[in-house]
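Visitor: Could we go through this structure together, beginning with how its strands pair?
Guide: Certainly; here it is.

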Amino acid sequence: MTAFSLMDITIQERRFTFASEYEISGPGTMLHARKDVFAFPARMQLKLENGPTFVTIQGRFSVTRGKYDLRFADGRDFAFQCEKIRKGVYLCQRGDDSYRLYRHRGLRYSIFQNDRQIAAIVRSRKNVRRGNRFDIRMNSDADLTIVAAMVLAMNASEQEDQPSDPDVAPVEYGHRRPEEKKFDENWQPT
């Protein structure tokens with residue numbers, strides 16, 4: 001399940017659930033992610049609906065911002081962490097294979113694999129009681145499970161900074177701090 005012939009993916013966080021749950025959908029695919037309720041540090045499973053787990057997102061203790069291990073069913077393990085808190089840069093790495101998720105001004109993100117952009121992401125404004133939505137345009141040869149796991153880990157990391165009561169989620173206007181990299185308005189998936 002590494003390369004798909006699709007470009008548009010949606011990650012929708014379910015509202016009004018006890019634990020964070022997500023539906024990942026696109027042409028011909030439907031995945032489900034669910035955060036374990038009482039796990040400390042945080043733990044999330046990404047899998048086919050009623051099927052096997054593809055990725056386990058396991059939190060690691062950190063004093064600053066979330067660090068996660070992304071453990072894939074095929075044996076790959078990636079370390080995911082916030083590399084630059086102020087500029088919103090996340091690094092996902094396994095040996096020489098590295099991915100970076102950049103947070104841009106507003107509600108936009110992009111993912112690069114070894115310095116080549118593979119995805120552009122737009123997040124909806126925050127809603128009461130969770131409900132984040134991420135619309136992702138990605139290259140057809142990009143690994144959906146890595147892209148989805150990175151977005152879920154980043155979202156979990158950013159939710160750690162939110163108020164503990166999910167009903168008090170403010171409307172978000174997006175990232176206003178300096179950017180590491182500008183969002184490429186002209187980028188198109190291949």
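**Strand pairing and overall make-up**

Guide: His-32 has Lys-47 of E4 as its bridge partner. Please keep in mind that this is a predicted model.

Visitor: Which strands are joined there, and in what sense do they pair?
Guide: Strand E3, residues 29-35, pairs with strand E4, residues 43-48, in the antiparallel sense. Five bridges connect E3 and E4.

Visitor: And what stands opposite Lys-47 in E5?
Guide: That residue is Thr-53. Lys-47 therefore has His-32 as a bridge partner and stands opposite Thr-53 in E5.Visitor: How many bridges link E4 and E5?
Guide: Five bridges link them, and the pairing is antiparallel. Strand E5 covers residues 53-60.

Visitor: What lies between those two strands in the hairpin?
Guide: Four residues separate E4 from E5 in this hairpin. Asn-50 has a positive phi there, near 55°.

Visitor: Changing topic: how many helices and strands are in the protein chain?
Guide: The protein chain has one helix and twelve strands. Read from the N terminus, the strands come before the helix, in the order β-β-β-β-β-β-β-β-β-β-β-β-α.

Visitor: What share of the residues is buried?
Guide: Of the 190 residues in the protein chain, 49% are buried.

Visitor: And what about the exposed surface: which atoms supply 49% of it?
Guide: Carbon and sulfur atoms supply that share, out of about 9,500 Å² exposed by the protein chain.

Visitor: One last point: what percentage of contacts join residues at least 24 apart?
Guide: The figure is 44%, taken among contacts in the protein chain between residues at least 6 apart in sequence.

Terms used. Residues are numbered from 1 along each chain as its sequence is written. This is a predicted model: local features need pLDDT of at least 70, side-chain atom pairs count only at pLDDT 80 or more; totals for chains, interfaces and linings use all residues. Side-chain values use heavy atoms; hydrogens and water are left out. Two strands pair if DSSP finds at least two bridges between them. Buried means under 20% relative accessible area, exposed over 50%, partly exposed in between (1.4 Å probe, protein chains only). Contact means heavy atoms within 4.5 Å. Accessible areas come from the Shrake-Rupley method with a 1.4 Å probe; for residues, only the protein chains shown count as cover.
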